[in-house]
Amino acid sequence: QYERVGADVTMKCGSMDWDAAVTWTVNGTDIDESHLNGAYLILKNVGLSQSGQYSCYEGSSWHLKYQTNLKVGTPPKEPVLMCRSNNYPKGFYCSWHLPTPTYIPNTFNISVIHGTKDMVCEKDAIPKNRCHIRYLQLFSTVKYKVTLTVTNALGKNFTTLTFDEFAIVKPDPPESVVAKPVPNNPRRLEVSWQNPSSWPDPESFPLKFFLRYRPLILDQWQHVELSDGTSHTITDAYAGKEYIIQVAAKDNDIGTWSDWRHHSSSHHPLSFLAETTSASTSSFMAPPTTKICDKGAVVGSGAMAVCWTAGLVVAAYSVLFI
Amino acid sequence: MAAADSPSTALRRRDLCSRGIRLAGKMRADVVDLLDAYVEQQGLDASASVAAVEGVPLAAVERWDEQTGTQRLLENLAAYRAFRALLAQMLEEQREQLGEADAGLGRALAAVLLQVSAFAYHLEELLRLESRGIPGEEEEEEEEEEEDGPPPPPRLSLFEQKLRGLGGLRELAQWAVRSVRDLRQLAKPSPATGAAPGLAESS
């Protein structure tokens with residue numbers, strides 16, 4: 001039995017007379033008589049905490065006369081829907097969620113229309129709120145229309161997205177961003193990365209990249225856009241300073257840039273690394289100008305308080321494995 | 001069955017493809033700007049859906065990845081020839097309607113027309129490289145000898161002209177992207193013979 005938050009709920013004790021002597025319980029606990037009107041249970045302005053199993057027993061025999069599982073919830077608000085192609089030109093996926101929980105089970109139904117054609121959105125096993133569509137055509141000017149309907153026992157709601165094939169193309173961030181010092185060039189850092197593994201055909205659909213970097217102690221980023229290749233040499237690094245380096249990717253011709261993580265400069269360097277999930281971010285130390293193993297040039301916790309060359313390797317692995 | 005590429009053919013193809021990709025990229029950028037100007041000048045809704053119009057080749061294609069190189073070149077060439085005719089007509093209509101009132105749009109249309117013509121010629125070069133006959137040339141020459149040219153298409157209303165222009169420029173922008181992708185496919189060497197994939201016909 002589903003009821004809205006704030007509703008007044010009246011429960012009848014099965015076929016018992018309206019004035020019969022009964023006892024109501026919720027989850028095995030007796031309910032105070034003040035909530036009873038004869039054999040009826042009256043719950044005013046129900047809240048989430050009043051969800052539970054309600055039982056009614058005949059007064060003298062204690063026979064169970066009625067039982068119901070009350071679930072208090074809300075009808076669904078307009079769902080949030082997002083569609084994106086991170087594996088162009090194979091297809092795209094749509095994912096969704098509700099802006100606020102309903103506290104009761106919901107069913108989601110998605111429809112995808114391209115022109116007059118219905119397309120099948122195959123649900124992913126994990127995560128459950130996602131499905132993917134294969135492109136049947138490429139280079140179409142006809143828009144895709146995706147409608148998501150969410151239904152529960154208390155109501156339904158829907159949202160619609162309309163978009164062009166090109167507009168939703170957004171690769172995943174590049175992977176395995178690594179920076180290495182250049183021997184005998186203390187101001188240089190050689191940065192390399194790989195295409196995101198989800199991008200199916202980088203040869204036919206090449207990506208371009210956007211690299212930005214700054215010393216940990218400064219706020220200003222340096223930017224470089226690279227139309228080919230998966231490496232770049234930074235030539236103006238400050239010797240002995242720890243750097244944040246981020247790389248984003250975009251299809252060479254269409255769509256939008258991939259994400260990169262935003263960091264607060266107040267975080268501990270290892271916290272930067274720990275936050276690295278969707279963006280490819282690395283924290284590296286430019287080599288000091290003199291000593292190879294200058295501990296004064298090392299910043300961070302004990303895990304990084306090592307010789308700078310080893311520290312660089314530790315930082316790289318910290319990015320990859322934290 | 002086509003013979004394996006000579007090194008000079010392969011190099012020439014890669015060169016033509018690279019230049020074609022740059023041409024198509026520039027063309028697309030200019031078409032997008034032209035589309036914005038056209039929508040504004042014609043008082044159209046940029047997000048309006050437009051039904052397919054005769055004379056406007058659709059860029060949409062199924063099983064794009066399975067196309068042979070020859071198919072790609074022929075479909076591209078047919079499309080850009082159609083766009084050449086469409087843009088010429090749009091330019092003429094623009095001049096008739098507005099005279100010198102919007103010379104900027106006219107110049108932008110003319111510039112894109114020039115690029116479309118150049119790209120069509122570029123595609124013909126690629127086809128010649130593959131020793132493919134250029135479709136339609138011989139028939140066109142014969143027609144010019146015998147007649148005064150093909151019969152003019154039926155006159156559209158002013159509103160229909162605007163919609164055709166909107167749909168046409170949108171498709172042209174899509175074609176420019178498709179052409180870049182097609183040329184990249186063509187530029188890829190085949191692992192076995194060194195020929196571009198799909199250009200060799202099956203026997």
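# Charges and rings in a two-chain model

A:Arg130 lies over the face of A:Tyr93, at 4.1 Å from the ring centre. That is a good place to start looking around this structure, which is a predicted model. Two kinds of contact are worth following here: salt bridges, of which there are 21 over all chains, and aromatic pairs, of which there are 19.

**Salt bridges in chain A**

- Side chains of opposite charge can pair when their charged atoms come close.
- A:Asp259 and A:Lys170 form a salt bridge, with their closest N and O atoms 2.8 Å apart.
- These partners come from distant parts of the chain, 89 residues apart: A:Asp259 is in the loop between strand 23 and helix 1, while A:Lys170 is in the loop between strand 17 and strand 18.
- A:Asp259 is partly exposed, at 37% relative accessible area.
- Another salt bridge joins A:Glu225 to A:Lys208, at 3.5 Å from N to O.
- Here strand 21, which holds A:Glu225, is linked to strand 20, which holds A:Lys208, and the two residues are 17 apart along the chain.
- Buried or partly exposed: which word fits A:Glu225? With a relative accessible area of 46%, A:Glu225 is partly exposed, whereas A:Lys208 is buried at 17%.

**Salt bridges in chain B**

- B:Glu124 and B:Arg128 meet in a salt bridge of 3.9 Å, N to O.
- Both sit in helix 3 of chain B, and because they are 4 residues apart there, about one helical turn separates them.
- B:Glu124 counts as buried, at 8% relative accessibility, while B:Arg128 is partly exposed at 36%.
- This pair belongs to a network of salt bridges that also takes in B:Arg12, B:Asp15, B:Arg19, B:Arg81 and B:Glu125.

**Aromatic rings**

- Among the 19 aromatic pairs is the edge-to-face pair of A:Phe92 and A:Tyr144, 5.4 Å centre to centre with 75 degrees between the planes.
- A:Phe92 is in strand 10 and A:Tyr144 in strand 16, 52 residues apart.
- Both rings are tucked away from the surface: A:Phe92 is buried at 2%, and A:Tyr144 counts as buried at 1%.
- The ring centres of A:Phe205 and B:Trp64 are 5.5 Å apart and their planes are at 65 degrees, so this pair is edge-to-face too.
- A:Phe205 lies in a loop of chain A and B:Trp64 in a loop of chain B, so the pair joins two chains.
- A:Phe205 is buried at 1%, and B:Trp64 counts as buried at 3%.
- Ring pairs link these four residues with A:Tyr88, A:Tyr135, A:Phe139 and A:Phe163 into a cluster.

**A charge over a ring**

- B:Trp64 has a further partner: the charged end of B:Arg72 sits over its ring, 4.5 Å from the centre.

Definitions and conventions: Residues numbered from 1 in each chain as written. Chains lettered and ligands numbered in written order. Predicted model: local features only at pLDDT ≥ 70, side-chain atom pairs only at ≥ 80, totals over all residues. Heavy atoms only, no water. Salt bridge = Lys/Arg side-chain N within 4 Å of Asp/Glu carboxyl O. Buried < 20%, exposed > 50% of the residue type's maximum accessible area, 1.4 Å probe, protein only. Phe/Tyr/Trp six-rings, centres within 6.5 Å; stacked < 30°, edge-to-face > 60°. Lys NZ or Arg CZ within 6 Å of the ring centre and 35° of its normal.
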